[in-house]
Amino acid sequence: MITAVIEHYKAARAELEAPGSPFAMDTIVVRNVPIRVFKSAPPTLRVLWELTAAHGPKQYIVYEDEHFTFDEIHEQVRKLAHYLADHGVKAGDRVALAMRNYPEWIVGYWAGVSLGAAVVGMNAWWTPSEMEYALDDSHPKVLIVDDERLERLGHVLNAVRVRLPQPMHVISVRSERDLPADAARWNDVMSADDPGSLPPAEIDPDDDACIFYTSGTTGFPKGAQLTHRGSVHNLLDLVYMTTAITMAEAKAVAAGDVPAPEAPTGAPLPPVFMAPTPLFHVTACNCLLHPATASGAKIVLTYKWDAGRALELIEREQVTNFSGVPTMGRELLMHPDWNTRDTSSLQGISGGGSAVQPDLVRKIAGALEKGQPSTGYGMTETHGIITANSSRFYLDKPSSCGPVVPVLDYKLVDDDGNELPPGPDTVGILCVRGSIVIKGYINRPDATAESIKDGWLNTGDIARIDDDGWVYIVDRAKDMVIRGGENVYCSEVEAAIYHLESVAEAIVFGVPDDRLGEEVAAVIVPRPGDSISEDELRAFLKDKLSAYKIPSKVWFREELLPRNASGKFLKRDVRAEILGG
């Protein structure tokens, strides 16, 4: 059945890219690299934002008990854009945002990109020294900062302002504390009269739209330069991939290859997106904020991630789309309130940012009354998604992250960069090239040259690609365990462990071994009220993994595994804690 549907999927993609289609494509040269682009793509994020004024009185942002319409946010964006322009911000400058997922983050983002300024998304979990580094690195003309981050910066803020090559104006958000000299409060900025339009700005599609810092594991992170063209094309990739899946399933039903889905009951619900991950990453910004805004959907923000509170808001706001990291989806399904809250509005629980284990795919499909699971694989360095998988395809290929988006070329290479021959058994490092690959890293020509060669981005991910073109991310190259010369992919072992119902969370990594070089190790958190022994775990895995892949060292812990701001497990921190460094 899946083979027939995939043929319909290929036909759908060909139809979408045909001349005259909204997704018709062209090839242009940018930075001496030939890339594919959508002919009808808006040239900049400013143009995209201006188009959303048509959504007018629709609800746009919900933050806890606060509600804002598109009209209200457009007015705030106009006011802030003029205020920034009055303080010298113009195309090519930078505006830093340091705050939680407040509505002000979204206002600051659209105001910044509409002026042609690059928005610097600062990690809300950063320490003072990390914040200081990012400000020194990005040289913003304006810092928009909430109370917690303002307190955290303390004396560092004045020190940075003295060092920067130009004055850095500060706007405080949701704060009553004393401000540094030449600073303003958000409410004062919003008290101005509505200017009625945005300030003029000349923006090139390949200008920086924002600087997002990659989550480095050693040293300081790198500031990735995301462009207007790349951001717009990531949005269109998301729409394209969803449309292709919908068309393929309709074609398959019409051809009699699959049964028709059960007809929905009741009136269709308006789209409502929940944003549980931080807006300073592409997962929430480019892959949720952009499509939700463009489609006129409502976005539900929360003060912090809490599965119980999320379920309460899903019920209250009738959330249709939940998009977080896989651990969040698992926590929703495991939460005791899942069975008492009304989650019937949910049409999809998607996961990205890390691998979605196959057992979770099935559990999500079984838990949703009206929808299916979906996933996307991508990176900051590609403005968002590289592949996408959903619906029937995801259930039939739950270990795959899906086919590559249309604007990217792709290949597998070996450790020396040599291209490998295609084939379902070929395993290599995935490289991609196209309009959604970042320009580079600010102030880091060495890192840019190391990651991007002749337009090809080395993802650092080990992958294989089946005969249908579906991609399987085997593991991160750095996280692979080499045991006695055999490669053990941690994600494969983790996926097998998660099939054990008594497991709530699990991570797998390598530990030094005098004889084998490395051994496979695991840290496991049992579900509340359950217990499991090492012997039970190994007996369970015996029929699922080769003997050399089964963890030889296992640690159990009661508390949940630590996460970073994106909700990903801090695997290296746990490993260092266990091994003592």
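This passage describes the nonpolar cores, one hairpin and several charged pairs of a predicted model.

In soluble globular proteins, nonpolar side chains tend to be buried together. The largest nonpolar core here holds 103 residues. Y60, L80, W105, Y109, W110, I144 and L289 touch the most other members. Helix α9, residues 228-254, gives the most to this core, with 10 residues. Y109 shows how distant parts of the sequence meet: beyond four places in sequence, Y109 touches L45, L97, V119, C210, C285, L289 and H290. Another core lies apart from the largest one. This second core has 22 residues, among them A134, L150, M168 and I442.

Strands β3 and β4 run antiparallel and are joined by four bridges. One pairing sets I61 against F68 in β4. The two strands form a hairpin with two residues between them. E64 sits in this turn, with a positive phi of about 50°. E64 counts as buried because its relative accessibility is 17%, under the 20% cut-off. Its side chain reaches the backbone nitrogen of Y303 at 2.9 Å. The side chains of E64 and R309 also make a polar contact, of 2.5 Å. Outside its sequence neighbourhood of four places, E64 touches L301, T302, Y303, R309 and R316.

D65 lies in the loop between β3 and β4 as well. This residue is exposed, at 61% relative accessible area. Its side chain forms a salt bridge with R316, at 2.8 Å from N to O. R316 belongs to helix α11, so the pair ties together parts that are 251 residues apart in sequence. R316 itself is partly exposed, at 35%. D65 and R316 are linked with K298 and E317 in a network of salt bridges.

The model has 39 salt bridges in total. One of them joins E331 and R563, at 2.5 Å. E331 is in helix α12, R563 is in the loop between β28 and α18, and 232 residues separate them. Both E331 and R563 are buried. D468 and K397 form another salt bridge, with their closest N and O atoms 3.1 Å apart. Both lie in loops, 71 residues apart. D468 is partly exposed, at 26%, whereas K397 is buried, at 11%.

K411, in strand β19, residues 408-413, is buried yet has no salt bridge. The nearest side chain of opposite charge belongs to E419, 4.7 Å away. That distance is not within the 4 Å cut-off for a salt bridge. Beyond four places in sequence, K411 is in contact with E419, I429, L430, C431 and W456.

Conventions: Residues numbered from 1 in each chain as written. Predicted model: local features only at pLDDT ≥ 70, side-chain atom pairs only at ≥ 80, totals over all residues. Heavy atoms only, no water. Core = buried A, V, L, I, M, F, W, Y, C linked by side-chain atoms within 4.5 Å. Buried < 20%, exposed > 50% of the residue type's maximum accessible area, 1.4 Å probe, protein only. Contact = heavy atoms within 4.5 Å. Polar contact = N/O pair within 3.5 Å; in protein donor to acceptor, adjacent residues only side chain to side chain. Pairing = 2+ DSSP bridges. Lys, Arg positive; Asp, Glu negative; His and termini not counted.
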